[in-house]
Amino acid sequence: MENTGRKKVITEDDVRYVARLSRLRLDEKDVTMFRGQLSAILEYIEQLNEVDTEGVPPTSHVLSSMKNVFREDEPGVSLSPEEALSNAPEKKDGFFKVPRIIKEA
Amino acid sequence: MSNKYETVIGLEVHVQLATKTKVFCGCSTAFGARPNTQVCPVCLGLPGVLPVLNRKAFKYVIKVALALGCDIQKTVKFDRKNYYYPDLPKNYQISQHDMPLAYDGKVTIVAEDGNTTDIRVTRAHLEEDAGKLLHDPGLPFSYVDLNRTGTPLLEIVSEPDIRTPEEAHRYLVTLKQIIKYLEVSDCNMEEGSLRCDANISLREKGAPGFGSKVEIKNLNSFKAVRDALAFEEERQAGLLDDGEKIVQETRLWDEKKNVTVSMRVKEEAQDYRYFPEPDLVPFEVRADLVEEMRASMPEMPRERALRFSRQYKLGEKDVEVLISEKDIADFFEQVAGCFDKPRVVCNWIKGEIMRHMNERGTDIRGLNLKPGDLAKLIKMVDDEFISGISGKDVLEACIETGKDPAAIVRKKGLEQVSDEGALEGIVEKVIAENERSVTDYKSGKTAALSFLVGQVMKATKGKANPKLAGEMLRRKLG
Ligand SMILES: [Zn+2]
């Protein structure tokens, strides 16, 4: 991403990189289109930089008054294996079946 | 390894917390269930669900943080770690990135010679575990079991303060001991509730900075960690001696061949695009919660070791054996509370009790032995009411049947005969029947006495009190 002054510009390489991280296959037309769309989104978000945040503590959440929402360590209801697997395109012996992935031996 | 180099090791340990349910949903965390029977919309990552934090998991991390002397974050947030892999159906893991729940702690390890070293702990944070993948040999498929997905996981990262494979081993043993004392995880490596990855690099002695580091995975036991690090130390030293560079990479430990093997994957720089988890509101660690946790802490191993050597006047080695596990230390104290000869109790635990644990492949709880029963048994031996050998038999029967040791002694008729009246006739008979030994003894061959004692033991089927038999023989032959 190039940072020209305050304006951030999304390059076509940025689009390809993000697509790869998201396991999306894009053709060149998509890349051009998303470059424009993503840049527009960023530009829009950039407006937030105009707000003076001097002295405002950072937050990770918009609901600043809500804190400490816990549940107790009590068993809830799990799905039946049939339900759990009902959306799976492929399954076998109670497992989700996916294309072979080799990460570690 | 030549002493030209210094080894630099850091360890990353993952511990599954022993909650009944997962960290963000109510599914069970029990090990060994049929695949995909402990899953719900939350841990399957179905759209529209919200995670809710398990209070116990949160408390457990605070306990560990206190035990490791960590600073604790005042406000806790979680972050999404984004990556695509089928063991993680949401395509992100809820973890903690820049603000770990606990940081800046230490683990104090004790070397063989009693010297202590502090290994600094960089951070300890709470995250969710991923699912399990099985690969079909020969077929282009993998199978996914998401039961483990969402199990609370505590990641503990050490500073690169460890200098030898042996120290790494001690660090792990000590960390496991601490966590087990806190009773927040069973630390069972076979079931994956404790896992470890190691980082190792070499640098010339005195050199500033670090060499290129290698990450080692697939370490399934503490022994594997030590062996893999020892292998890697040699491998890297050999390369450096030959003027070669160490490739920064991930290697797998092959336990059968005793070597590390390069994973040979293109190490694309990981980009997890962490950002704050918007589905969880922040958590405040209030002082009263920390105090509650502090108050609930047991006496930790190092403190207990000090107290044991003071209170029970036991040697360092004995103390280390007794405090190695909280349950063993508790058991010892319960027995010593009923029978006030700690050294004798310690010897029984170190010897017979641990032998039974090993033989049965169980921990001390698994023996189902009541501390009061062991105390009774030890007292009977100590009072010479039964012989030491009978004592071992009674212990065995006690563990097998759970019956009272005194009842077992009665039933087996093992009471040692310590009554002179009862032995009188037998001693006389042995003297009469063993003229040669009697003559030998009288002519100064004292060894003949043990033969005669042996004869008394034989005649009483081992029940005579050998000390008393000896005394009686000496008196009569005197
Ligand atoms: Zn669930």
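A salt bridge is a side-chain nitrogen of Lys or Arg within 4 Å of a carboxyl oxygen of Asp or Glu. By that criterion, the structure holds 54 salt bridges over all chains.

This is a predicted model, in which local features need pLDDT of at least 70 and side-chain atom pairs count only at pLDDT 80 or more, while totals for chains, interfaces and linings use all residues. Residues are numbered from 1 along each chain as its sequence is written, chains are lettered from A and ligands numbered from 1 in the order in which they are written, and side-chain values use heavy atoms, leaving out hydrogens and water.

**Exercise 1. Find the domains of chain B and the separation of domain 1 and domain 3.**

Step 1: Domain bounds come from an automatic or database domain assignment. For chain B they give domain 1 (5–289), domain 2 (299–412) and domain 3 (420–477).

Step 2: Taken over C-alpha atoms, the centres of domain 1 and domain 3 of chain B lie 67 Å apart.

**Exercise 2. Locate the partners R170(B) and E112(B), and classify their exposure.**

Step 1: The closest N and O atoms of R170(B) and E112(B) are 3.3 Å apart, and the two residues form a salt bridge.

Step 2: Helices (H or I, at least four residues) and strands (E, at least two) are DSSP runs, numbered from the N terminus. R170(B) sits in helix α2 (residues 165–182), and E112(B) in the loop between β7 (102–110) and β8 (116–128), so the pair links parts of the chain 58 residues apart.

Step 3: Buried means under 20% relative accessible area, exposed over 50%, and partly exposed in between (1.4 Å probe, protein chains only). R170(B) is partly exposed because its relative accessibility is 21%; E112(B), at 61%, is exposed.

**Exercise 3. Do the same for K341(B) and D382(B).**

Step 1: Their side chains meet in a salt bridge of 2.5 Å, N to O.

Step 2: K341(B) lies in the loop between α7 (326–338) and α8 (342–360), and D382(B) in helix α9 (residues 371–382), 41 residues apart.

Step 3: K341(B) has a relative accessible area of 39% and is therefore partly exposed. D382(B) is partly exposed too, at 29%.

**Exercise 4. Which residues are linked with E299(B) in a network of salt bridges?**

Solution: The network links E299(B) with R304(B), R307(B), K326(B), D330(B) and E333(B).
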